Amino acid sequence: MPATKGVFGLAFKKSAGESLVEDRSVEFQQRLAKLGQLRESGVDPYPNDFKPSTTAAAVTEKYGPLTPEELEARKGESVSIAGRIMAKRDFGKASFVQIQDRSGRIQAYAKKDILGEAAYNTFKLCDMGDIIGFEGHLFRTKTGELTIEATSLRLLAKGLHPLPEKWHGLSDVEARYRQRYLDLMVNPEVKDVFVKRSRIIKFIRDFLTGRDFMEVETPMLQSIPGGAAAKPFKTYHNALQMELYMRIAPELYLKRLIVAGLERVFEINRNFRNEGISTRHNPEFTMLEFYLAYATFDDLMDLTEEMISSLIRELTGSMKITYQGAEIDFTPRWTRISVRDAILKYSDAAEDIFEDKDKAVLFSKKLGLKIPEGLSHGKILTEIFEEVAEPKFIQPTFVTHYPLDVSPLSRKNAKDPSIVDRFELLVAGREIANAFSELNDPIDQRERFENQLKEKAAGDAEAHEMDEDFVRALEYGMPPTAGEGIGIDRLVMLLTDSPSIRDVILFPQLKKAVSQSSPSAAGDNV
RNA sequence: GAGCCGCUAGCUCAGUCGGUAGAGCAUCUGCCUUUUAAGCAGGUGGCCCCGGGUUCGAGUCCCGGGCGGCUCACCA
């Protein structure tokens, strides 16, 4: 009604300033008016003294199996629930509402006879999307639905925005990412993904601590961004007057802790890489890295197999998952194949490409690969591998023995110094884990860094930096160690059948939204 | 960075050949004390992403820009 809108719109303006009531939808104005009515009738629309006694799921579990007669007999048992109104079916002097809390939904029945005139009038001013709390006992409706009959009811937080549509939910992808709280509120399958993500991380944490690993946290702000080949984010510390980088990997710090004698450490935390964004890349992403002294990359293949297969059993009760239509079987033991054998198996390459760089260049050209001038032999072989073999590994596969010059931190193979004792775990054609026997020879490590510096000088922006303190740490002696990194986001994608990394990150990185509230923002963008 | 697609009411979407901007849900008013996307009747609600251009006339056609999605490139 226009008169009501005008009156309460004006009343609100006086107390809270004009900006809030301008440029808003009609429904926002209507809800503001209801807020005003509630305050005028002495109801605090945002109280904080209500404590629910239980949850929707717990109530359903406890009372769901009982017959209507049994429920009638237990009318004296009162429960209290708090949550958001997700549906409202109003009959005038009685009403059904669906209440959603963290556990799920349950129906409540509000009847004027029971609640009384004043409380029912307050309830009438509650809308879909408001948070309410109520107390009552259980009964079953004519249609058989377990329902709480409210004996008292309170508004706990007034919502001023209408909720997305009850049937289709929120499907606009951009809105889902920018307003993830709405996505989580109305799309239950989205919440399921993040519940699963939480369980996965907890499982891994328990798995490793159960094997005497210690969880640690190492610097995210680093003066030398090391441990991976990637472009870092740069930042500046004012008081220290120094440039810092967001870390691209924790590796070099975790290995310092191995030098220190911690022997078994892991970290689950964020890495930051200043690179492109895609369905598989977010600028910040979560990485598990763990290091185990007196072990080799062979040991880590066994450990990884055990960790991931038991994780999948725990999560699904089975050893198989479906990812984007492909069935993937994690039953051990997984295939193990070297980069060299994989190339020979999946292409018609001759063996001499591994000994003769010119032959490798020739073969890569035959494949149609664009190989920049000056690319090292090992990098060319890696490119060939990625082209011909990587997409073939749908089932979990350990690909071992990468070329030396793409692995500046790995231990050389004892028999063939052109390759390293390293593996990547590939699933659905994607890298899930990367691990190696760690290089602990400080002289060798220094030479590798120096080679990286040469590549950097030759134009490779992602070549590794020299880290003198890390080399010095190795000079004190690092026990023989194996280390591994697992991209948590990509693992979660796999286990939740999510096609995009944005589906498994709560707030994925997007460009700055064009402001809807300040008209001047359009000018700022030009 | 390139190509393709999208952007219309709070949400989900129509909008024909360029000719007065629509539906469902939500919301508002009235009725309704066991509903299940409750129902019945009647209303409100629009910077058609932004800026130019063509035209008597642009949501629609053309150009430029923004944001998003997908694919490719990049990212071992």
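**Reading helix contacts, RNA contacts and odd backbone spots**

Modeller: Let's start with a pair of helices: α12 and α14 cross in a left-handed way. Keep in mind as we go that this model is predicted.

Colleague: OK! At what angle do helix α12 and helix α14 pack, and how far apart are their axes?

Modeller: Helix α12 covers residues 339-346 and helix α14 covers residues 377-388; they pack at about 50°, and their axes are 9 Å apart. To put a word on an angle, remember that under 35 degrees counts as roughly parallel and 65 to 115 as roughly perpendicular. The angle here falls in neither range, so α12 and α14 are oblique to each other.

Colleague: Which residues in α12 and α14 meet?

Modeller: From α12 you have V339, A342, I343 and Y346, and they meet L381, I384, F385 and V388 in α14. Sort the residues of that contact by class and you get eight nonpolar, no polar and no charged.

Colleague: How are α9 and α11 oriented to each other?

Modeller: Again, go from the angle to the word. Helix α9 (residues 188-209) and helix α11 (residues 297-316) pack at about 140°, with axes 10 Å apart. Roughly antiparallel needs an angle over 145 degrees, so α9 and α11 are oblique too. Their crossing is right-handed.

Colleague: And what does the contact of α9 with α11 have, by class?

Modeller: First, who is touching: K196, R199, I200, F203, I204 and F207 in α9 meet L303, E306, M307, S310, L311, E314 and L315 in α11. By class, that makes eight nonpolar, one polar and four charged residues.

Colleague: Which word describes α15 and α16?

Modeller: Helix α15 (residues 442-457) packs against helix α16 (residues 468-475) at about 160°, and the axes are 9 Å apart. That angle is over 145, so α15 and α16 are roughly antiparallel. α15 passes α16 in a right-handed crossing. P442, Q445, R446 and F449 of α15 meet E468, F470, V471, L474 and E475 of α16. That contact has five nonpolar, one polar and three charged residues.

Colleague: Now the RNA. Which residues come nearest to RNA strand B?

Modeller: There are 54 residues around RNA strand B, and Q30, T143, E174, H281 and E386 come nearest. On the RNA side, sugar and phosphate make up 63% of the strand B atoms that come within 4 Å of the protein. The surface near RNA strand B divides into 18 nonpolar, 13 polar and 23 charged residues. Elements that each supply at least two of its residues include α2 (26-40), β1 (79-90) and α7 (173-178).

Colleague: What does a polar side-chain atom of R89 lie 2.2 Å from?

Modeller: A phosphate oxygen of RNA strand B. Always ask which part of each partner is involved. A229 also has a phosphate oxygen as its partner, 3.1 Å away, but uses a backbone N or O atom. With V406, a backbone N or O atom lies 2.6 Å from a base nitrogen of the strand.

Colleague: One more: what should I look for in the backbone?

Modeller: Start from the usual pattern: most residues other than glycine have a negative phi, and most peptide bonds are trans. Then look for exceptions. Y294 is not a glycine, yet has a positive phi of about 60°. You'll find Y294 in the loop between β11 (284-293) and α11.

Colleague: Where is there a cis peptide bond?

Modeller: Between P332 and R333, with omega about 5°. R333 sits in the loop between β13 (326-329) and β14 (335-338).

Definitions and conventions
Residues are numbered from 1 along each chain as its sequence is written. Chains are lettered from A and ligands numbered from 1 in the order in which they are written. This is a predicted model: local features need pLDDT of at least 70, side-chain atom pairs count only at pLDDT 80 or more; totals for chains, interfaces and linings use all residues. Side-chain values use heavy atoms; hydrogens and water are left out. Axes are lines fitted to C-alpha atoms, for helices over the stretch in contact, and angles run from 0 to 180 degrees between N-to-C directions. Helices (H or I, at least four residues) and strands (E, at least two) are DSSP runs, numbered from the N terminus. A crossing is left-handed if the near helix is turned anticlockwise from the far one by less than a right angle, and right-handed if clockwise. Contact means heavy atoms within 4.5 Å. Ala, Val, Leu, Ile, Met, Phe, Trp, Tyr, Cys and Pro count as nonpolar, Asp, Glu, Lys and Arg as charged, and the others, Gly among them, as polar. A residue is near a molecule or strand if one of its heavy atoms lies within 4 Å of it. A polar contact is a pair of N or O atoms within 3.5 Å; within protein, one must be able to donate a hydrogen and the other to accept it, and residues adjacent in sequence count only if both atoms are side-chain atoms.
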